[in-house]
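Open the model in your viewer and switch to cartoon. The stops below go one selection at a time.

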Amino acid sequence: MKKQQICILGSTGSIGTQALDVIEQHSDLYEVYCLTANHRVKELAAQAHKFHPAAVVIADETLYEELQDLLRDEPDIKVYAGAQALCDIVEADPIDMVLASMVGFSGLEPTIHAIKARKKICLANKETLVVAGELICQLAQQYHAPILPVDSEHSAIFQSLVGEDQNEIDKILLTCSGGPFRNFTHEQLEKVTAADALKHPTWDMGAKITIDSASLMNKGFEVTEAKWLFGVPADKIQVLIHPQSVVHSAVQFMDGAVKAQLGVPDMRLPIQYAFSFPQRLPLKGERLDLFKTQDLQFFEPDYKKFKCLQLCFDAIRKGGNMSCIVNAANEIVNAGFRRGECGFLQMADIIEEVMAKATFDSQPDLDVYLQTDAEARRIATELMHHI
């Protein structure tokens with residue numbers, strides 16, 4: 001059997017490195033065709049030396065010569081740079097699937113190119129569906145490109161739906177660890193720092209996503225994703241705070257039955273399942289011990305304290321380009337909070353103001369999304385600097 005050729009968009013990040021571990025465990029089935037990174041040129045070169053892909057792409061064009069130099073002893077590896085190169089490489093004929101694990105809006109265009117090239121998409125970049133869910137779903141249908149979720153929660157929902165075919169979903173139960181500030185008061189939240197927020201209780205993720213998890217913006221984005229992936233309106237998606245992170249998410253059906261996927265927090269499982277679906281392959285690692293898992297708790301989220309989650313529901317209901325506005329504003333304030341330029345609670349206040357000020361479009365296309373993203377970032381930056 002021919003090995004499946006995989007292109008990893010964002011191979012030096014948390015998802016990308018764990019995906020390479022999965023590929024290594026199943027080197028008889030999978031092969032790396034292309035690796036890409038944004039700035040981490042040394043890590044990218046080290047991965048290329050180990051996995052010998054056909055091509056590597058560094059998004060930051062200023063690092064092109066450094067990457068070439070680091071790979072001068074690998075003449076068979078083609079080296080490219082820039083945003084356009086990311087869009088071009090995913091269209092390469094030998095590629096069977098593209099793992100979209102870049103962080104942020106920058107993952108949107110390469111994913112669109114991969115869909116149009118009819119590749120199987122293993123989606124870990126949540127912003128793609130948050131920003132342009134309608135467009136992505138329409139293109140995926142048009143080009144018959146399957147989209148398989150890699151987020152642990154959406155993978156859990158997907159796994160719970162296998163075999164259910166046309167059975168209607170009564171409710172999606174989307175779980176959430178609650179982040180490090182679950183029990184903080186409003187007064188305590190006013191004083192938290194980025195260093196506090198970066199201490200996530202159960203998952204090891206990049207800085208941007210860890211901050212989004214602390215503010216529950218990440219969960220709001222996942223509600224948006226679930227709406228598009230599973231065709232369920234927002235009012236049928238319930239968020240549950242589940243500090244133990246054992247139940248990764250669940251689905252309730254019309255007869256009241258609830259199916260859930262449980263496991264230890266290990267992103268390699270959803271990555272591998274997206275690669276191998278409908279098969280389940282062996283995976284080395286810790287196993288869930290139910291004897292040690294005595295106390296599974298579930299709480300209602302506080303939408304007033306964690307306003308970002310509420311803003312995402314508001315944006316879904318408004319539709320059009322509103323979720324794109326939320327995402328762009330969030331990327332600005334998230335980075336600002338990490339630099340100490342705005343407070344934890346101010347992030348949601350600024351995003352809410354951007355939602356009121358940015359140009360709303362009820363029927364956006366890709367050009368509108370690109371304009372919206374730029375405009376919302378500009379407004380958010382101005383507001384943040386006037387705090």
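What handedness does the β-α-β unit of β3, helix α3 and β4 have? It is right-handed. Keep in mind that this is a predicted model.

**Stop 1: the unit.** Select residues 55-58 for strand β3 and residues 78-81 for strand β4. The two run parallel, joined by 4 bridges. Show V56 as sticks: V79 in β4 stands opposite. Then add residues 64-70, helix α3, to complete the β-α-β unit.

**Stop 2: the sheet.** Widen the selection to the 7 strands of the open sheet. Their order is β4-β3-β2-β1-β5-β6-β7, with parallel pairing. At the edges sit β4 and β7 (147-149), each pairing on one side only. From one strand to the next, the twist averages 20°.

**Stop 3: the β7 edge.** Select strand β6, residues 120-123, together with β7. These two pair in the parallel sense over 3 bridges. Pick C122: its bridge partner in β7 is L148.

**Stop 4: a helix over the sheet.** Select residues 268-276, helix α12. This helix lies across β1 (4-9), β2 (30-37), β5 (97-100), β6 and β7. Against β6, helix α12 runs at about 170°.

**Stop 5: M384.** Go to helix α16, residues 366-385, and pick M384. Is M384 buried or exposed? M384 counts as buried because its relative accessibility is 3%, and the cut-off for buried is under 20%. Beyond its neighbours within four places in sequence, M384 is in contact with I332, V333, G336, R339, E341, C342 and I350. Draw a C-alpha to C-alpha distance to G336: 7.7 Å in space, 48 residues apart in sequence.

Notes
Residues are numbered from 1 along each chain as its sequence is written. This is a predicted model: local features need pLDDT of at least 70, side-chain atom pairs count only at pLDDT 80 or more; totals for chains, interfaces and linings use all residues. Side-chain values use heavy atoms; hydrogens and water are left out. Two strands pair if DSSP finds at least two bridges between them. A crossover is right-handed if, with the strands pointing away from the viewer, the path from the first strand over the helix to the second runs clockwise. Buried means under 20% relative accessible area, exposed over 50%, partly exposed in between (1.4 Å probe, protein chains only). Contact means heavy atoms within 4.5 Å. Axes are lines fitted to C-alpha atoms, for helices over the stretch in contact, and angles run from 0 to 180 degrees between N-to-C directions.
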